[in-house]
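Let's walk through this structure together, starting with charged side chains and moving on to buried positions, a hairpin and the confidence of the prediction.

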Amino acid sequence: MSERYAYVPHRLLRRPVRDIASGVEGELMAVINENVSDSAREHWVELAYIRNASGREFTTSVSNIEPADSQTPNSGQVRRWTAARARPGDVRTPSQGSA
């Protein structure tokens with residue numbers, strides 16, 4: 001294993017975001033593709049680093065963040081779930097056409 005992390009560009013960097021899992025809001029400080037494995041087999045995940053109002057930073061999955069100024073909490077949760085976790089056949093995508 002060489003590098004254990006890599007910075008990833010994100011459209012919401014330095015902007016207010018909400019963690020849809022906890023409802024906590026803060027500023028998105030970084031998105032990092034991080035190797036979280038403690039064994040020889042690598043396991044990479046994209047983590048969002050968010051600084052809340054008290055100045056403490058916490059991490060969450062990138063798929064769990066949305067702009068804090070969105071109209072309702074969890075407004076993008078379904079879209080993010082299908083994009084991040086869908087397997088072939090789970091959800092009909094525009095490329096599959098209509099039934």
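E25 counts as partly exposed, because its relative accessibility is 39%, a value between the 20% and 50% cut-offs. In this predicted model, E25 forms a salt bridge with R18, and the closest N and O atoms of the two are 2.9 Å apart. The partner residue, R18, is buried, since its relative accessibility is 8% and buried means under 20%.

R18 has another acidic partner as well: its side chain meets that of E66 in a salt bridge, at 2.8 Å from N to O. This pair ties together distant parts of the chain, with R18 in strand β2 and E66 in strand β6, 48 residues apart. Are R18 and E66 buried or exposed? Both of them are buried. Taken together, R18, E25 and E66 are linked in a network of salt bridges.

Elsewhere, E27 forms a salt bridge with R14, where the closest N and O atoms are 3.8 Å apart. Here too the pair links distant parts of the chain: E27 lies in strand β3, R14 lies in the loop between β1 (5-7) and β2 (16-19), and 13 residues separate them. E27 counts as partly exposed because its relative accessibility is 30%, whereas R14 is exposed, with a relative accessible area of 55%. The count for the model comes to 4 salt bridges, and the table lists some of them, including these:

| Salt bridge | Closest N to O distance |
|---|---|
| E25 and R18 | 2.9 Å |
| R18 and E66 | 2.8 Å |
| E27 and R14 | 3.8 Å |

Next come two buried loop positions. A68 sits in the loop between β6 (65-67) and α1 (77-85). A68 is buried because its relative accessible area is 14%, and the cut-off for buried is under 20%. Which residues touch A68, leaving aside its neighbours within four places in sequence? They are P16, V17, R18 and E25, so two members of the salt-bridge network, R18 and E25, are in contact with A68. A68 and E25 are 43 residues apart in sequence, yet their C-alpha atoms are 6.5 Å apart in space.

S37 is the other loop residue to look at. Its place is between β3 (25-35) and β4 (44-52). With a relative accessible area of 7%, S37 is buried. Setting aside neighbours within four places in sequence, S37 is in contact with R4, E42 and H43.

From that loop the chain continues into β4. What joins β4 to strand β5 (residues 57-61)? The two strands run antiparallel and are joined by 5 bridges. Within this pairing, Y49 has T59 in β5 as its bridge partner. β4 and β5 form a hairpin with 4 residues between them. In the turn, G55 has a positive phi of about 95°.

Finally, a word on confidence. The mean pLDDT of the protein chain is 79, and 68% of its residues reach 70 or more. Over residues 75-87, however, the pLDDT is below 50, and this stretch has 15 contacts in the model beyond near neighbours in sequence. The pLDDT is also below 50 over residues 89-99, a stretch with 8 contacts in the model beyond near neighbours in sequence.

Technical notes. Residues are numbered from 1 along each chain as its sequence is written. This is a predicted model: local features need pLDDT of at least 70, side-chain atom pairs count only at pLDDT 80 or more; totals for chains, interfaces and linings use all residues. Side-chain values use heavy atoms; hydrogens and water are left out. Buried means under 20% relative accessible area, exposed over 50%, partly exposed in between (1.4 Å probe, protein chains only). Contact means heavy atoms within 4.5 Å. pLDDT is the predictor's confidence in each residue, from 0 to 100. Two strands pair if DSSP finds at least two bridges between them.
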